[in-house]
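Trainee: Pick one part of this model and go through it closely, with its neighbours and the contacts that hold it in its surroundings.

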Amino acid sequence: LHQRGHALGVVVQRGGKLIWSGPPPRLDLGGKSVLEQWQRLCGVKALQFDREGVMAAGSVVEFDGALKKIPPQTILTDFLVDVTYPVEPGSGASVIARILGEAVGGHRTAPGGGSVTFLGLRPRDDQSASLGYETRTWFEILKSLGAYPRSRPEVAVEDNPAVVSRESP
C-alpha cells in the first residue's frame, strides 16, 4: 500500500471507486506497516477488533446510506471467510453497514467524484441458490456504488452485460 496507497488515492481523487472488503492490511510485502495509510484512505478512525476480527455467525448485516436499498444479509458461519471487522468511521465517512448497531462498513466520497468504500465483511453472492434461494448482495453493492456503468450516458436502459445477465430472464 505504500506505493499503491498513493496510487489508489490518486485514482479516487480522479473519480475512481475503491471498494475494500475483508480485513484491513497490516503490512506490505516489504514488512512496512500500512495500516495507518489504509485508515486515512478508507476514512477509518479506529479498528474495533483485535487482530483476528469478530466471529459473527447468525448475525444480520443491515445496510444504510449508499447501500440502504440492499436487503439484510445473514452471516452464515464462524469460518474465517465470515469473520467481520468492526470499525469506527472517521470524519467524512458514513456508516453503510452495521451488525447490532456496530459499524462494519463505511463510505466516503472524494472531491473529484470518486469514492472509497470499506466492507468489514464478506458480501455473499450465490447465483446457484445452493441454500435454496439466490443471494445477490455483492452484485447489489457493486451496482449501488456504480461499478456497472451503462455503455453511454444517453442510453435509457441498463445495458451493462453484468446487469442484463442478473436482471433479465
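Mentor: What follows starts with the sheet, goes on to the helices on it and the aromatic pairs, and ends with two loop residues. The model is a predicted one, and everything below should be read in that light.

The sheet is open and has six strands in the order E1-E8-E7-E6-E3-E4, with mixed pairing. Its edges are strand E1 (17-21) and strand E4 (73-74); each has a single partner strand, so one side of each is left without a neighbour in the sheet.

Take the sheet from the E4 end. Strand E3, residues 60-63, runs antiparallel to E4, and two bridges join them. One residue pair can be named here: Val60 has Thr74 in E4 as its bridge partner. E3 also pairs with strand E6 (residues 94-99), again in the antiparallel sense, over three bridges. In that pairing Phe63 stands opposite Ala97 in E6.

E6 goes on to pair with E7 in the antiparallel sense over five bridges. Ser94 stands opposite His107 in E7. E6 and E7 form a hairpin with two residues between them. In the turn, Leu100 has a positive phi of about 50°.

Now to helix H2 (residues 35-42). H2 lies across E1, strand E7 (102-109) and strand E8 (115-119), and runs at about 115° to E8. The other helix to note is H3 (residues 137-144), which packs on the sheet and touches E1, E3, E4 and E8. The direction of H3 makes about 155° with that of E1.

How enclosed is H2 by the rest of the structure? Six of its eight residues are buried, so H2 is largely enclosed. The buried residues of H2 are Leu35, Gln37, Trp38, Gln39, Leu41 and Cys42. Just after the helix, Gly43 takes a positive phi of about 70°.

The buried Trp38 leads to the aromatic rings. Counting rings of Phe, Tyr and Trp as a pair if their centres lie within 6.5 Å, the model has four aromatic pairs. One of them joins Trp38 and Phe118: the centres are 5.0 Å apart and the planes stand at 85°, an edge-to-face arrangement. Trp38 belongs to helix H2 and Phe118 to strand E8, so this pair ties together parts that are 80 residues apart in sequence. Both ends of the pair are buried: Trp38 has a relative accessible area of 0%, and Phe118 has 1%.

A second pair involves loops. The rings of Phe49 and Tyr85 have centres 5.2 Å apart and planes at 70°, so this pair is edge-to-face. Phe49 lies in the loop between strand E2 (44-47) and E3, and Tyr85 in the loop between E4 and strand E5 (87-89), so the contact ties together parts 36 residues apart in sequence. Phe49 is buried at 11% relative accessible area, and Tyr85 counts as buried at 7%. Returning to Trp38 and Phe118, ring pairs link these two and Trp20 into a cluster.

The loop that holds Tyr85 also holds Thr84, placed between E4 and E5. With a relative accessibility of 2%, Thr84 counts as buried. Leaving aside residues up to four places away in sequence, Thr84 touches Gly53, Val54, Ala56, Ile75, Ile99, Val104, Gly120 and Leu121. Of these contacts, Ile99 lies in the range of E6, residues 94-99, and Val104 in that of E7, 102-109.

The second loop residue is Ser59, found in the loop between E2 and E3. Ser59 is buried, with a relative accessible area of 17%; the cut-off for buried is under 20%. Again leaving aside residues up to four places away in sequence, Ser59 touches Gln73, Thr74, Ile75 and Ile99. Among these, Gln73 and Thr74 make up the range of edge strand E4, 73-74, and Thr74 is also the bridge partner of Val60. Ile75 and Ile99 appear in the contact list of Thr84 too. As for separation, the C-alpha atoms of Ser59 and Ala147 are 27 Å apart, with these positions 88 residues apart along the chain counted from one to the other.

Terms used:
Residues are numbered from 1 along each chain as its sequence is written. This is a predicted model: local features need pLDDT of at least 70, side-chain atom pairs count only at pLDDT 80 or more; totals for chains, interfaces and linings use all residues. Side-chain values use heavy atoms; hydrogens and water are left out. Two strands pair if DSSP finds at least two bridges between them. Helices (H or I, at least four residues) and strands (E, at least two) are DSSP runs, numbered from the N terminus. Contact means heavy atoms within 4.5 Å. Axes are lines fitted to C-alpha atoms, for helices over the stretch in contact, and angles run from 0 to 180 degrees between N-to-C directions. Buried means under 20% relative accessible area, exposed over 50%, partly exposed in between (1.4 Å probe, protein chains only). Rings of Phe, Tyr and Trp (its six-membered ring) pair if their centres lie within 6.5 Å; planes under 30 degrees apart count as stacked, over 60 as edge-to-face and the rest as tilted.
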